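Thanks for coming. I will take one chain today and go through its charges, its helices and its surface. Have a look at the model first.

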Amino acid sequence: MSKSKTKKEVVAVATELKVKGRPVNTSSVRQQKLAKVADLKAQGLEVKRGRKPVETSKNQTKKARFEALRAQGVEIRRGRPKMIKAEPEMVTAD
């Protein structure tokens with residue numbers, strides 16, 4: 001049998017907030033990092049991710065060269081260049 005609840009008990013149960021999922025440890029390193037990133041985004045600063053490129057690497061020099069060619073208006077196509085076939089000459093029996 002169930003007991004009947006008074007109005008005060010029903011209101012108290014209704015205002016209770018239930019949190020689903022795993023509890024968050026606010027003092028963890030990950031949560032502190034997320035808070036720092038959120039703070040920087042709120043200030044309007046850029047948040048960069050990943051590994052920083054080495055400016056003197058071969059890949060970076062290649063990218064810079066291609067950007068310079070694009071700025072000059074040169075069309076850069078991907079892949080192997082097409083072979084231009086010569087027109088075959090008509091051979092006549094003389």
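R49 is exposed, with a relative accessibility of 79%. This is a predicted model, so that figure, like the others I will quote, is computed from the predicted coordinates. Where does R49 sit? It is in the loop between α2, residues 29–42, and α3. R49 also belongs to a patch of positive charge on the surface, together with R30, K33 and K41.

Now the helices. The chain has 3 helices and 0 strands, and from the N terminus the order of elements is α-α-α.

Take α2. How far apart are its end C-alpha atoms? They are 20 Å apart, and the 14 residues of α2 should span 20 Å at 1.5 Å a residue, so the two values agree. After α2 comes G44, which has a positive phi, near 90°.

Next, α3, which covers residues 58–72, 15 residues in total. From first C-alpha to last, α3 reaches 21 Å, close to the 21 Å expected at 1.5 Å a residue. A glycine follows here as well: G73 comes after α3, and its phi is positive, near 95°.

On to salt bridges. How many does the structure hold? There are 2.

One of them is in α3. The side chains of E67 and R70 meet there, with 2.6 Å from N to O. Both residues lie in α3, 3 residues apart, which is about one turn of the helix. Are these two residues buried, exposed or in between? E67 has a relative accessible area of 49%, so it is classed as partly exposed, the cut-off for exposed being over 50%. R70 is partly exposed too, at 47% relative accessibility.

The other pair is E75 and R77, where the closest N and O atoms are 3.3 Å apart. Here E75 counts as exposed, with 61% relative accessibility. R77 is exposed as well, and its relative accessible area is 64%.

Last, the chain as a whole. What share of its 94 residues is buried? The figure is 0%. Buried here means under 20% relative accessible area. The chain exposes about 10,800 Å², and carbon and sulfur atoms supply 55% of that area.

To recap the charges: R30, K33, K41 and R49 gather in the positive patch, E67 and R70 form a salt bridge, and E75 forms one with R77. That is what I have; I will take questions now.

Terms used: Residues numbered from 1 in each chain as written. Predicted model: local features only at pLDDT ≥ 70, side-chain atom pairs only at ≥ 80, totals over all residues. Heavy atoms only, no water. Helix = DSSP H or I, 4+ residues; strand = E, 2+ residues; numbered from the N terminus. Expected span 1.5 Å × (residues − 1). Salt bridge = Lys/Arg side-chain N within 4 Å of Asp/Glu carboxyl O. Buried < 20%, exposed > 50% of the residue type's maximum accessible area, 1.4 Å probe, protein only. Patch = residues over 30% accessible without salt bridge, like charges linked within 9 Å, V, L, I, M, F, W, Y side chains within 5 Å. Areas by Shrake-Rupley, 256 points an atom, 1.4 Å probe, with all protein chains shown as cover. Lys, Arg positive; Asp, Glu negative; His and termini not counted. Charge placed at Lys NZ, Arg CZ, Asp CG, Glu CD.
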